[in-house]
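Reader: I am new to reading structures. Could you take me through one part of this one, slowly enough that I can follow along?

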Amino acid sequence: MNGCFVGIDVSKDTLDVAIRPSNEHWTVDNTQEGINALIERLKKNEVEKVVLEATGGLQLAVIAAKDAEAQKLNAIMVRHRQIVGMITEEKNRLTMANEVVKKSITEHIEWLKKKLSENDKEMNLLIESSPVWKSKYELLQSVPGVGPVLSATLLLSQCIVVF
């Protein structure tokens with residue numbers, strides 16, 4: 001084992017990177033340009049493992065940066081979280097809404113649920129298109145309590161192991 005280990009602390013605005021055993025460290029912006037620069041710099045090293053702090057989804061762009069299919073899955077997963085958030089917001093509004101707007105909010109919730117279903121179908125199609133992802137996804141789904149979203153998130157998290 002002659003390689004190095006990389007730790008990345010993920011925040012909304014920056015990625016703080018440390019390499020061991022060289023004790024090298026630097027910061028890049030948590031943007032696509034910063035992530036691309038990070039990957040290029042890491043390619044110059046013999047990386048054994050990359051460890052990321054799981055930060056409410058902020059780490060997913062870094063994880064997906066190496067693989068085009070993973071980037072697609074990352075986009076679908078981000079959209080899933082966004083739609084779920086919008087549904088929750090609308091349900092919260094509905095409980096306090098005046099009667100005059102309840103129908104509109106209810107219709108919007110139904111429309112968002114339809115979009116969520118379409119998004120999840122797209123996620124399943126993408127996973128089904130990869131024999132490796134499909135077999136791992138099915139294995140994860142066999143565990144009680146592990147649903148489609150967690151399975152896809154776990155699949156996505158594997159993409160960063162070695163650059």
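Author: What follows is a close look at the sheet and what packs against it. The model is predicted.

Start with the whole chain. It has six helices and four strands. Along the sequence, the order is β-β-β-α-β-α-α-α-α-α. Buried residues account for 34% of the 163 residues. Take the contacts between residues at least 6 apart in sequence: 51% of them join residues at least 24 apart.

Now the sheet. Its four strands form an open sheet in the order 3-2-1-4, and the pairing is mixed. Strand 3 (24-29) and strand 4 (47-52) are the edges, and each of them pairs on one side only. On average, neighbouring strands are turned by 20 degrees against each other, direction ignored. A general point helps here. Strands of a sheet pair through backbone hydrogen bonds, either parallel or antiparallel.

Go to strand 1 and strand 2 next. Strand 1 covers residues 4-10 and strand 2 covers residues 14-20. They are antiparallel, with six bridges between them. A hairpin of three residues connects the two. Find Gly-7: its bridge partner in strand 2 is Ala-18. Then find Asp-9, which stands opposite Asp-16 in strand 2.

Strand 2 also pairs with strand 3. Again the sense is antiparallel, over six bridges. Val-17 has Trp-26 of strand 3 as its bridge partner. Asp-16 stands opposite Thr-27 in strand 3. This hairpin, too, has three residues between its strands, and Asn-23 takes a positive phi near 65 degrees there.

Look at the side chains of strand 2. In a regular strand, side chains alternate between the two faces of the sheet. Leu-15, Val-17 and Ile-19 make up the covered face of strand 2. Thr-14, Asp-16, Ala-18 and Arg-20 make up the uncovered one.

What lies across the sheet? Helix 1 (residues 32-43) lies across strand 1, strand 2, strand 3 and strand 4. It runs at about 155 degrees to strand 3.

Next comes the largest nonpolar core, with 16 residues. Val-6, Ile-8, Leu-15, Trp-26, Leu-38 and Leu-42 have the most contacts inside it. Strand 1, strand 2, strand 3, helix 1 and strand 4 each supply at least two of its residues.

Zoom in on Leu-15. Set aside residues up to four places away in sequence. Leu-15 then touches Ile-8, Asp-9, Val-10, Trp-26, Thr-27, Val-28, Asp-29, Asn-30, Ile-35, Leu-38 and Val-62. A second, separate core has 12 residues, including Ala-70, Ile-76, Trp-133 and Tyr-137.

Trp-26 deserves another look. The charged end of Arg-41 sits over its ring, 3.7 Å from the ring centre. What about pairs of aromatic rings? The structure holds zero of them.

Finish at strand 4, with Glu-48. Is Glu-48 buried, exposed or partly exposed? Its relative accessibility is 25%, so it counts as partly exposed. The reasoning needs two cut-offs: buried means under 20%, and exposed means over 50%. Glu-48 and Val-6 are 42 residues apart along the chain, yet their C-alpha atoms are separated by 8.1 Å.

Definitions and conventions
Residues are numbered from 1 along each chain as its sequence is written. This is a predicted model: local features need pLDDT of at least 70, side-chain atom pairs count only at pLDDT 80 or more; totals for chains, interfaces and linings use all residues. Side-chain values use heavy atoms; hydrogens and water are left out. Rings of Phe, Tyr and Trp (its six-membered ring) pair if their centres lie within 6.5 Å; planes under 30 degrees apart count as stacked, over 60 as edge-to-face and the rest as tilted. A charge sits over a ring if NZ of Lys or CZ of Arg is within 6 Å of the ring centre and within 35 degrees of the ring normal. Two strands pair if DSSP finds at least two bridges between them. Axes are lines fitted to C-alpha atoms, for helices over the stretch in contact, and angles run from 0 to 180 degrees between N-to-C directions. Contact means heavy atoms within 4.5 Å. A nonpolar core is a set of buried Ala, Val, Leu, Ile, Met, Phe, Trp, Tyr and Cys residues joined through side-chain atoms within 4.5 Å. Buried means under 20% relative accessible area, exposed over 50%, partly exposed in between (1.4 Å probe, protein chains only).
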